[in-house]
Amino acid sequence: MISQEEQTRRFFETFMETQWWQPGRLQDLQRENLSKLLRHARRYVPFYAERLDTVFRSDGSIDWSNWTRIPILRREDMLQSGE
């Protein structure tokens with residue numbers, strides 16, 4: 001496991017490098033990282049198992065055009081979802 005200091009250094013280096021990237025390249029990196037988070041949440045967090053279905057195609061790929069169709073997480077959702 002890396003230290004918090006090392007993690008902070010890595011984030012800083014990434015920000016320093018990516019600030020000069022073209023928007024399309026930066027979007028690709030963001031989507032790559034976000035897709036990992038979405039797949040993890042859908043697989044391991046019961047609350048998100050069906051909630052994220054709207055962005056997943058039948059082959060498991062992500063349809064980014066449906067990103068805005070994911071319901072906004074509300075306080076009520078958290079209270080009703082239990083642990």
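Hi everyone. A residue counts as buried here when its relative accessible area is under 20%. With that cut-off, 17% of the 83 residues of this protein chain are buried. Please keep in mind that what you see is a predicted model.

Let me start with the overall build. The chain has three helices and zero strands, and reading along the sequence gives the pattern α-α-α. The radius of gyration is 16 Å, well over the 12 Å that the globule rule gives for 83 residues, so the chain is more spread out than a compact globule. If you like to think in boxes, the C-alpha trace spans about 40 × 30 × 25 Å along its principal axes.

What about contacts along the sequence? Taking pairs of residues at least 6 apart, 27% of the contacts join residues at least 24 apart. As for the outside, the accessible surface comes to about 7,300 Å², and carbon and sulfur atoms account for 53% of that.

Now to the pockets. Rolling a probe the size of a water molecule over the atoms shows where empty space is left. The largest pocket has a volume of about 210 Å³. It is lined by 13 residues, and L38, Y48, L52, W67 and I70 are the closest to its centre. Sorted by class, that lining holds 11 nonpolar residues, one polar and one charged.

And the second largest pocket? Its space is about 180 Å³. Which residues line it? They are R10, F11, T14, F15, T18, L26, L29, Q30 and N33. Two elements, α1 (4-18) and α2 (23-44), each give two or more residues to this lining, and α1 has the largest share, with five. The classes here come out as four nonpolar, four polar and one charged.

One last stop, and then I'm happy to chat: please find W64 on your screens. W64 sits in the loop between α2 and α3 (75-81). Leaving aside residues up to four places away in sequence, which residues does W64 touch? The partners are R31, L34, S35 and L38. You have met L38 already, as one of the residues closest to the centre of the largest pocket. On the chain itself, W64 and T54 are 10 residues apart, and their C-alpha atoms are separated by 9.8 Å.

So to recap: we have a predicted model with three helices, and a largest pocket whose lining includes 11 nonpolar residues. Thanks for listening!

Notes:
Residues numbered from 1 in each chain as written. Predicted model: local features only at pLDDT ≥ 70, side-chain atom pairs only at ≥ 80, totals over all residues. Heavy atoms only, no water. 1 Å grid on protein atoms, 1.4 Å probe; cavity = no way out; pocket = protein on both sides within 12 Å on 5 of 7 lines; lining within 4 Å. Points joined across faces, edges and corners; volume = space filled by probe spheres on them. Nonpolar A, V, L, I, M, F, W, Y, C, P; charged D, E, K, R; others polar. Helix = DSSP H or I, 4+ residues; strand = E, 2+ residues; numbered from the N terminus. Rg over C-alpha atoms; globule rule 2.2 N^0.38 Å. Buried < 20%, exposed > 50% of the residue type's maximum accessible area, 1.4 Å probe, protein only. Contact = heavy atoms within 4.5 Å. Areas by Shrake-Rupley, 256 points an atom, 1.4 Å probe, with all protein chains shown as cover.
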